[in-house]
Amino acid sequence: MLNLNHVKKQYGRNVALNDISLNFSRGKCYGLVGPNGAGKTTLLKIISSIIQDFDGSLTFTDSPRAKSKELIGYIPQEICLEETVTAWDNLSFFGKIYGLKGQTLKLRINAVLKDIGLTDKAKQKISTYSGGMKRRLNIGCALLHTPDLIIMDEPTVGIDPQSRRYIFNMIEKLKEHGCTIIYASHYMEEIEQICDEAIFIDKGAIAENGRVDELLQRYAIPSIYLKGENCLPKENGDFTISPKKEGHLILTESPLLAMEHVINHCKTHAVQPEQLELSQARLEDVFFSLTGSQLRD
Ligand SMILES: Nc1ncnc2c1ncn2[C@@H]1O[C@H](COP(=O)(O)OP(=O)(O)OP(=O)(O)O)[C@@H](O)[C@H]1O
C-alpha cells in the first residue's frame, strides 16, 4: 500500500535518514526499531506528511483515497490531549480536524470510545484519567477518520500490562479490518509479539528488515541456561559458554544436543542442576547483533 523510494532527510549537516527504500503491504504490522537518534521519528513524520521537506518520494499504491491526510492516522510519542476538557470534547476536536461533522462525527466518536474502552468515561475530564486511559484516548483521536495506515510512535510508554494488552488487541482488530500499522518501539518483546515484520534502523540507514520469525532464525543464537555446582561439562564440544548470573549460558546452534550433553554429564557425575532451561531466541539478540551494545546519546 505504501512504497518509500530513496528517502533522505538532513538537518543542517546531520543526516537523519539516508537512502531509505521500503514497501509496506495492507493488513500487516511493521515494527520499527533502532537506538536513540536512529531516525525512527523522522521517518514516521515523513510518512505522515508532518515533515514535507525531504529528498526521495512516497507512493501510496492501492488506495482510492488521494490525500495522505485522509489515509493516515498518526499517534505521536507525546500525549496530545487537552487536559481541561472531556474525552468527548477531545475526540470531537480531532474529528473536526479530519473533516467529520454532525451525525457522522457523533457516530464515529461513539464507535471509537467503544474500541478504546472509554465509553463510560467519555464525559470525564482528561486531568482525572490514568496514564493508560490517556494513551488509549491518544490512539482513539487518530482513528476517528478510519485511516488505512496507522502510525504509532511508542504507544505503550508508561502504561500498565492491562492497557498494553488492550492496545495489542486493538491492533489485531485493526489488522483484521485491513489496516496497515507501523509501530515504533524500544520494547523488543512487543515487536516480537504483535509485528509481522521488523525494520531495524541505525544511524539513519536500514540495518535489516524482514519477517520477525526469519530474522530470529537468521540472527539469534539459541542457548541453554545452566545453574548448579559441578554441572558444567569439562568437554564443551562446539558450544560457546559464558557466565550469567550464578550459572552459565551455553550458546549453541544445536540446543537439544547441548542439553543431552549436560544431562549425560550430570547423570555420570550424580549431580543435580538447580536450573536447566532452553532459552528461546529473542529479537533483542537480533537488535544487539545489528546495532552493537555501545551506549547511544
Ligand atoms: N528538528 C530537528 N532538528 C535537528 N535535528 C533533529 C531534529 N529532529 C531530529 N533530529 C536529529 O535527527 C536524528 C534522528 O532523530 P529521530 O528523532 O528521528 O531519532 P529516533 O530514532 O526517533 O530517536 P528516539 O528513539 O530517541 O526517539 C538525530 O540525530 C536527531 O538529533
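Two residues count as in contact here if their C-beta atoms, placed from the backbone, lie within 7 Å. Keep that cut-off in mind for the helix pairs on this tour of a predicted model.

**Whole chain.** Start zoomed out with a cartoon. The protein chain carries 10 helices and 13 strands, and its C-alpha atoms fill a box of roughly 80 × 45 × 35 Å along the principal axes. Colour by burial and 35% of the 297 residues come up as buried. Among contacts with a separation of 6 or more, 72% join residues 24 or more positions apart.

**Two domains.** Next, select 2-217 and 221-280 and give each a colour: these are domain 1 and domain 2. Their C-alpha centres sit 43 Å from each other.

**Helix 3 and helix 4.** Now select residues 87-97 for helix 3 and 102-115 for helix 4. Two packed helices are described by the angle between their axes and the distance between the axes. For this pair the angle is about 125°, and the axes are 10 Å apart. That angle makes helix 3 oblique to helix 4, and the crossing is right-handed.

Which residues of helix 3 meet helix 4? Show side chains for W88, L91, S92 and G95; on the helix 4 side, pick L105, R108, I109 and V112. By class, this contact has five nonpolar, two polar and one charged residues. As you look along each helix, remember that an α-helix has 3.6 residues a turn, so residues three or four places apart point the same way.

**Helix 5.** Move on to residues 131-140. Is helix 5 mostly covered or mostly uncovered? Mostly covered: seven of its 10 residues are buried. Select K134, R135, R136, L137, N138, I139 and G140 to see the buried set. Around these buried residues, bring up strand 5 (72-75), helix 6 (161-176) and the pair you just left, helix 3 and helix 4; the buried residues pack against each of these elements.

**Helix 5 and helix 6.** Finish by hiding everything except these two. Their axes are 9 Å apart and make an angle of about 15°, so helix 5 and helix 6 are roughly parallel to each other. The crossing is right-handed.

For the contact, show G132, R135, R136 and I139 in helix 5, which meet Q162, S163, Y166 and I167 in helix 6. By class, that contact has three nonpolar, three polar and two charged residues. R135, R136 and I139 will look familiar, being among the buried residues of helix 5.

Definitions and conventions
Residues are numbered from 1 along each chain as its sequence is written. This is a predicted model: local features need pLDDT of at least 70, side-chain atom pairs count only at pLDDT 80 or more; totals for chains, interfaces and linings use all residues. Helices (H or I, at least four residues) and strands (E, at least two) are DSSP runs, numbered from the N terminus. A residue is buried if 20 or more other C-beta atoms lie within 10 Å of its own, exposed if 12 or fewer, and partly exposed in between; C-beta atoms are placed from the backbone. Domain bounds come from an automatic or database domain assignment. Axes are lines fitted to C-alpha atoms, for helices over the stretch in contact, and angles run from 0 to 180 degrees between N-to-C directions. Angles under 35 degrees count as roughly parallel, over 145 as roughly antiparallel, 65 to 115 as roughly perpendicular and the rest as oblique. A crossing is left-handed if the near helix is turned anticlockwise from the far one by less than a right angle, and right-handed if clockwise. Ala, Val, Leu, Ile, Met, Phe, Trp, Tyr, Cys and Pro count as nonpolar, Asp, Glu, Lys and Arg as charged, and the others, Gly among them, as polar.
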